[in-house]
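Hi,

Here is the structure I said I would pass on. Have a look at it first, and then read my notes underneath.

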Amino acid sequence: MDKSLPADINAERATLGSILLDRDAIIPVAPWLASDYFYLEKHGLVFNAQVACYNRRVPPDLVNVTDELRRKDQLEVVGGVQYLLELSNSVPTSVHVEYYARIVERTALLRRLIIAGGKIAALGYDETQELEAALDQAESELFAVSQRRTADGFIHIGAVVDSFFEQISQMQERGGEVVGLKTGFTDFDKLTGGLQRSDLLILAARPATGKTSLALNIAYNAAKESEACVAIFSLEMSRDQLMQRILATETGVDMQKLRTGQIRDSDLQLLTEALGKLSTMSIYIDDSPGASIMDVRSKCRRLQAEAGIDLIIIDYLQLMQGGGKRDGNRVQEISEISRGLKALAREINVPVIALSQLSRAVESRTTHVPMLSDLRESGCLTGDTQIYLPDQGHYVRIDQLVGQQGFNVLALNQATWKLESWPVTHAFTTGTKPVFKLRTKLGRSIRATVNHKFLTIDGWQRLDQLHQTSQIAISQEIAHELGSNSQPTAIEWETIISIEPDGVEPVYDLTVDTLHNFVANNIIVHNSIEQDADIVMFIYREELYDPETDKKGIAEIHLAKHRNGPTGIVPLRFFRSTTKFSNLETYRQPEGY
């Protein structure tokens, strides 16, 4: 197209001139006008200087802006004092500053739209890229424009300081009130501060424990009490099944009656009133089976543009599909989905609750209280396991790395099939558990829990899925003696000769970014998948394992991981007949519980 990029230089000059004339003119435009909205670079520099003065609580007038530009060695770049005088003389009054600034914003967004269009056109010509990935990237470009925010680039810490100061001031004014989105569960909100924007929360439990019901309770409470807009992706239940659960929660009518239609006249009146309330709530349900992370992201962007979103719920993680090619590596795909959901939480800037199944390891232990290791796709290793640190050039026991982060280990890049140095974001212990000793034909060995995954010719497999003659990936070395300090260089395959019980010991694991595996005892092992979550919480109901317990009707919400706050246990009441959770202090034993 033989056209110049949209810009209105006069509007830019009038905006800057208005601010120089009147110290208060910057107040209505500072929250949304950005320096990169200005077409001329020198105008962006002037506006930055005006904002800097405003942030220091000094008037952004001719004198102070001149001093600010001089201090940054930018005064001559913008044209000196003479140009600033011209700007201040370009308008007779500052009363129309917001009108001029909106023109600046409009032309900036049109330029961004043109640039995004160019990128989208380039995606269309790139025949090497997968269609779904291209569509997702194209939609992301348009979403960034529509959301009026820069797709990339740095932001000065001064802007972050101002934003954080406003948050502190708001919290102080609220006098300790919950600042995030309220769930309706008092003790949970006190512990977490409510659901925080951009957080990914994993809610995990064994089947039939109530994780879907708890998520729906949170969605209903947020929509009812806070008038929140909630998006629910149900990959397992239909919209009608979800409606039954929500109605049972609101009315107290037994779920079985709703399913079978055995409804009394008094119940019908309650249901009619509840349906009227529900029809006005901002709850959106998508029950498409087999949705991919790209599908979810695309639909959330559209809903955000149309109605705004305050909370996203995914039911549940293991039923989602990744966005890339399916190579049979479901562990890697789940990890990709986990990262995608965290990216979605940040992009839309809302909390995302993803439900997840726990492994059967919960059932096999003496204590059935869930642990983080029950969520991970990999298990744990004994403390004597040797981890190679490429930066130091030697091996270290895994139990000596606990609590550390930021160091590098060797990990296999399955795209190149080469060992590379990758950072560890978390080194931790996961308790004391039964372990097994795996030995290979050439004398390598490792001691691990039954759910730890190893790379085989057929993909990642748990230890309890391996057998004699299974071949696993090991690292080659210049010298094969463990502890020789020779760096592993590549991989080869080696046959297992035995897997035997080897006692009960404290066990450990690492979290490796992106590649999600590491070299341990010169064997390629997998790591955890929950590293992307800000909060990991479990549901534990003792009555499911001990019918004689005195905790009947009590569900414990265990916060096992809280990236930005404390962990703990929140007890709630659970009503089986209606699948409703409630605060413990408001509990009244229902008839026929």
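Below is what I found, going from the whole chain to the sheet, then to a pair of helices and two odd backbone spots.

First, a caveat: this is a predicted model, so please read everything here in that light. The chain has 593 residues, and 49% of them count as buried. Along the chain there are 16 helices and 21 strands. If you take the contacts with a separation of 6 or more, residues 24 or more positions apart account for 67% of them.

**The sheet**

The part to find on your screen is an open sheet of 9 strands, with mixed pairing. Going across, the order is 3-2-4-5-1-18-19-20-21. Strand 3 (283-286) and strand 21 (580-583) are the edges, each with a pairing partner on one side only. From one strand to the next, the twist averages 25 degrees.

Strand 2 (residues 230-234) is a good one to zoom in on. On one side, strand 2 runs parallel to strand 3, and 4 bridges join the two. Within that pairing, Phe233 sits opposite Asp286 of strand 3. Strand 2 also runs parallel to strand 4, this time with 5 bridges. There, Val230 has Leu311 of strand 4 as its bridge partner.

How many of the residues of strand 2 are buried? The count is 5 of 5, so to speak a mostly covered strand. In a regular strand, side chains alternate between the two faces of the sheet. Here both faces are covered: Val230, Ile232 and Ser234 are buried on one side, and Ala231 and Phe233 are buried on the other.

Then there is helix 9 (residues 211-225), which lies across several strands of the sheet, including strand 1 (200-205), strand 4 (311-315), strand 5 (352-357) and strand 18 (535-540). Strand 19 (554-562) and strand 20 (568-575) are also among the strands that helix 9 lies across. Relative to strand 5, helix 9 runs at about 165 degrees.

**Helix 3 and helix 4**

Next, go towards the start of the chain and look at helix 3 (residues 62-71). Its buried residues are Val65, Thr66, Glu68 and Leu69. Looking down the axis of helix 3, these fall within an arc of 165 degrees, so they line one face of the helix. Val63 and Arg71 are on the other side of helix 3, and they are exposed. The cover over the buried residues of helix 3 includes helix 1 (9-21), helix 2 (41-55) and helix 4 (80-88). Just past the end of helix 3, Asp73 has a positive phi of about 60 degrees.

How do you describe two packed helices? By the angle between their axes and the distance between the axes. For helix 3 and helix 4, the angle is about 145 degrees and the axes are 11 Å apart. The crossing of these two helices is right-handed. On the helix 3 side, Leu62, Val65, Thr66, Leu69 and Arg70 make the contact, and helix 4 brings Val81, Leu84 and Leu85. Sorted by class, that contact has 6 nonpolar, 1 polar and 1 charged residues.

Helix 4 has its own buried set: Gly80, Tyr83, Leu84, Leu87 and Ser88. Seen down the axis of helix 4, these lie within an arc of 140 degrees, so they too line one face of their helix. Among what covers them are helix 1, helix 2 and helix 3.

**Two backbone spots to check**

Ala208 is not a glycine, yet its phi is positive, at about 65 degrees. You will find Ala208 in the loop between strand 1 and helix 9. Is Ala208 buried or exposed? Its relative accessibility is 74%, and since over 50% counts as exposed, Ala208 is exposed.

Asn521 also has a positive phi without being a glycine, near 50 degrees in this case. Asn521 lies in the loop between strand 16 (517-520) and strand 17 (523-526). With a relative accessible area of 13%, Asn521 is under the 20% cut-off and therefore counts as buried.

That is the tour. Write back if you would like to go through any of it together.

Cheers

Definitions and conventions. Residues numbered from 1 in each chain as written. Predicted model: local features only at pLDDT ≥ 70, side-chain atom pairs only at ≥ 80, totals over all residues. Heavy atoms only, no water. Pairing = 2+ DSSP bridges. Helix = DSSP H or I, 4+ residues; strand = E, 2+ residues; numbered from the N terminus. Axes fitted to C-alpha atoms, helices over the stretch in contact; angles between N-to-C directions. Contact = heavy atoms within 4.5 Å. Buried < 20%, exposed > 50% of the residue type's maximum accessible area, 1.4 Å probe, protein only. Arc of directions from axis to C-beta. Left-handed = near helix turned anticlockwise from the far one by under 90°. Nonpolar A, V, L, I, M, F, W, Y, C, P; charged D, E, K, R; others polar.
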